[in-house]
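Thanks for making room for this in the meeting. I would like to talk through one protein model with you, moving between individual residues and the fold as a whole, and I will try to be careful about what each value does and does not say.

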Amino acid sequence: MRQVLICWGGWDGHQPDQCAAIVSEMLEAEGFSVRVEAGTEAFADPAIRDYSLIVPMLTMTKIEKPEIENLELAIRGGVGLGGFHGQAGDSFRDCVQYQYMIGGQWVAHPGNIYDYTVNIVKPEDPLVSGIGHFPYRSEQYYMHVDPNNEVLATTTFTGEHDAWIDGHVMPVVWKRRHGQGRVFYSSLGHQAAEFEVPQMREIVRRGLVGAAR
C-alpha cells in the first residue's frame, strides 16, 4: 500500500489539525496508508524516501537543516509533494530550498476575505478537467511564483484594495517537477470549511493523488 506523510502545525488560524484530518480521510478513501504527525521532525526520517506523497500543513513555522535536506532528497528521488494555501505556500519563509520545491511563496492577500473568480486555464489537464471557472470566497493570494510552474488555474485582481495590481493575473493552481518528484499546489483553502466547496475539494483531491508516486 502506498504511504503518505502529512505533517501539520504552525499558525492555528489555518486550522491545520482539522485540515489534516480531512485530507487524511480523503487519501485513505483513495487507498493510501496515511501517517499524520505534528511538527516537522518526521521530515528527517529516512523512511520517507520510500513514501508516495508528502503533504506539509505548516504555516509560518521553521524547518531544521536535517529535515529540509532529507525532505528534498525524498522529493528529488520521486516522492510526490502536494499542498494548498498558506499551509504549503507559506510554510517556511526563511527556507528558499523549500520554496524552490513548492514553486512559490505567499506575500499578500489584499482585502483579506472577499469574492473573486478562479479561472481554469488548462481545461484539458486531468487535474482540472470538467471543473470550469468558479466563484470563490476566501483570501485571494498574491504570490511570488516560479516561472517553471505549469499553471492550471488563475485569478485576476481588480485593484479594489491595491490599485497598482489592477488586472494582474495570478496563478492559483499549478504542478511542476522537482527532480523525479511531482509537485502540486493550490492557493485555495484558508480554513477547513472551504473543503465544502466542491471545486476546491476536487482540485486538492486530484492534485494530491496525481502527485503521488
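Arg177 is found in strand β10, which covers residues 169-178. With a relative accessible area of 48%, Arg177 counts as partly exposed, because that class runs from 20% up to 50%. If you look from Arg177 towards Pro123, you cross 54 residues in sequence and 20 Å in space, C-alpha to C-alpha. I should say straight away that this is a predicted model, and that every value I quote is computed from it.

Staying with strand β10 for a moment, its residue range of 169-178 also takes in partners of another residue I want to show, Thr154. Thr154 sits in strand β9, residues 150-156, and here the relative accessible area is 10%, which means that Thr154 is buried. What does Thr154 contact, once its neighbours within four places in sequence are left aside? One set of partners is Val169, Met170, Pro171 and Val172, and the other set is Thr117, Val118, Asn119 and Val121.

That second set brings us to strand β6, which spans residues 113-120 and holds Ile120. Is Ile120 buried or exposed? Its relative accessible area is 7%, so Ile120 is buried. Setting aside residues within four places in sequence, Ile120 is in contact with Leu152 and Ala153, and also with Val128, Gly132, His133 and Phe134. For His133 we can add a distance: the C-alpha atoms of Ile120 and His133 lie 5.4 Å apart, although the two residues are separated by 13 positions in sequence.

Let me now go to the beginning of the chain, where strand β1 and helix α1 are joined by a loop. Gly10 lies in strand β1, and its relative accessible area of 37% makes Gly10 partly exposed. Beyond the residues up to four places away in sequence, Gly10 touches Thr59 and Thr61. Gly10 and Gly39, which are 29 residues apart in sequence, have their C-alpha atoms 7.8 Å apart.

The loop after this strand, between β1 (3-10) and α1 (16-29), contains Gln15, and those of you who check backbone torsions may want to look there, since the phi of Gln15 is near 50°, a positive value in a residue other than glycine. Where else does a positive phi in a residue other than glycine turn up? Met60 is one such place, with phi near 55°, and Met60 likewise lies in a loop, in this case between β3 (53-59) and α2 (65-76). Met60 has a relative accessible area of 40%, which puts it among the partly exposed residues.

Helix α1 itself gives us Val23, which is buried, with a relative accessible area of 0%. Not counting residues up to four places away in sequence, Val23 touches Ile6, Met57, Phe84, Phe195 and Leu208. Taking Ile6 from that list, the C-alpha atoms of Val23 and Ile6 are separated by 8.5 Å, with their positions 17 residues apart along the chain.

With those residues in mind, we can turn to the whole protein. There are 5 helices and 11 strands, and buried residues make up 54% of the 213 residues. Among contacts with a separation of 6 or more, 72% are between residues 24 or more positions apart. Why might we call the overall dimensions those of a compact globule? For 213 residues, a compact globule would have a radius of gyration near 17 Å, and the protein has 16 Å, so the two agree. Along the principal axes, the C-alpha atoms fill a box of roughly 45 × 35 × 30 Å.

On the surface, the protein exposes about 9100 Å², of which carbon and sulfur atoms supply 49%. The charges number 17 positive and 27 negative, and the mean positions of the two groups are 8 Å apart.

Finally, a word on annotation, which comes from a record and not from the coordinates: an unreviewed UniProt entry places the feature "domain: ThuA-like" at residues 3-208. Over residues 3-208 the chain is 24% helix and 35% strand, and the C-alpha atoms at the two ends of that range are 12 Å apart.

Notes. Residues numbered from 1 in each chain as written. Predicted model: local features only at pLDDT ≥ 70, side-chain atom pairs only at ≥ 80, totals over all residues. Heavy atoms only, no water. Helix = DSSP H or I, 4+ residues; strand = E, 2+ residues; numbered from the N terminus. Rg over C-alpha atoms; globule rule 2.2 N^0.38 Å. Buried < 20%, exposed > 50% of the residue type's maximum accessible area, 1.4 Å probe, protein only. Contact = heavy atoms within 4.5 Å. Areas by Shrake-Rupley, 256 points an atom, 1.4 Å probe, with all protein chains shown as cover. Lys, Arg positive; Asp, Glu negative; His and termini not counted. Charge placed at Lys NZ, Arg CZ, Asp CG, Glu CD. UniProt positions renumbered as here; feature names shortened; annotations may be inferred.
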